[in-house]
Amino acid sequence: MIALAVLRHDQRLADMAGGDNISESTVRRWRDEAIGLLAAQAPRLDRACKKNARQGGEVVLIDGTLIPTQRRTGKADRKNYSGKHRHHGLHFLALTVERAPVEHGFAHLKNWRILAKLRTGPAHATQILRALLVLTNLEVNR
């Protein structure tokens with residue numbers, strides 16, 4: 001539950017730990033373990049394309065969204081800057097067979113407060129997004 005609170009409401013680790021007399025590093029470990037387990041359940045690109053082909057799909061659309069991040073320092077600063085949006089962020093892509101589902105999917109993903117402004121590196125951000133994709137699919141499909 002602590003890991004979900006951190007993801008859904010972007011609660012600070014210290015706040016979550018202090019109220020329950022748990023160390024901040026323990027909450028961080030729980031969060032990272034939960035994210036890792038959930039991210040492993042996310043669909044892989046090759047399997048999704050094969051499934052689409054088996055179902056007779058001929059067209060796949062790709063769409064993306066920019067998730068805001070903190071400004072990076074040094075050489076990593078420029079590659080995460082979006083001139084279109086005029087702030088730093090990571091561009092996440094999604095595949096779909098109609099345009100509406102991908103737009104709805106991005107809208108559901110952006111309900112997770114942790115995506116309001118990511119405070120992590122790109123590699124960990126991808127793992128977070130894969131975990132949130134699994135949780136969002138569970139939430140939407142129930």
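The legends below describe close-up views of a predicted model.

**View 1. The Arg28–Glu24 salt bridge in helix H3**. A search of the whole structure finds four salt bridges, and one of them joins the side chains of Arg28 and Glu24, with an N to O distance of 3.3 Å. Both residues belong to helix H3, which covers residues 24-39. They sit four residues apart, about one turn of the helix. Residues three or four places apart in an α-helix point the same way, because the helix has 3.6 residues a turn. Arg28 has a relative accessibility of 34% and is therefore classed as partly exposed. Glu24 is also partly exposed, at 36%.

**View 2. The Arg29–Glu33 salt bridge in helix H3**. Here the side chains of Arg29 and Glu33 meet in a salt bridge at 3.9 Å, N to O. This distance falls inside the cut-off, since a salt bridge requires the nitrogen to be within 4 Å of the carboxyl oxygen. The two residues are four residues apart in H3, a separation of about one helical turn. Arg29 is partly exposed, with a relative accessible area of 43%. For Glu33 the value is 43%, and this residue is likewise partly exposed.

**View 3. The Asp32–Arg31 salt bridge**. Side chains of opposite charge can pair when their charged atoms come close. Asp32 and Arg31 form a salt bridge in which the closest N and O atoms are 3.0 Å apart. Is Arg31 buried or exposed? Arg31 has a relative accessibility of 16%, so it counts as buried, the limit for that class being under 20%. Its partner Asp32 is partly exposed, at 30%.

**View 4. A nonpolar surface patch that includes Leu45**. Which residues make the nonpolar surface patch? Leu45, Val60, Ile62, Leu93 and Leu95 make it, and its area is about 480 Å². Leu45 is located in helix H4, which spans residues 45-54. With a relative accessibility of 55%, Leu45 counts as exposed, because that class begins at values over 50%.

**View 5. Helix H4 and the residue Gly56**. How many of the ten residues of H4 are buried? The count is one, and the helix is hardly covered. Leu45, a residue of this helix, is exposed at 55% relative accessibility. Just after H4, Gly56 adopts a positive phi of about 85 degrees.

Key
Residues are numbered from 1 along each chain as its sequence is written. This is a predicted model: local features need pLDDT of at least 70, side-chain atom pairs count only at pLDDT 80 or more; totals for chains, interfaces and linings use all residues. Side-chain values use heavy atoms; hydrogens and water are left out. Buried means under 20% relative accessible area, exposed over 50%, partly exposed in between (1.4 Å probe, protein chains only). Patches are made of residues with over 30% relative accessible area and no salt bridge: like charges are joined within 9 Å, nonpolar side chains (Val, Leu, Ile, Met, Phe, Trp, Tyr) within 5 Å. Accessible areas come from the Shrake-Rupley method with a 1.4 Å probe; for residues, only the protein chains shown count as cover.
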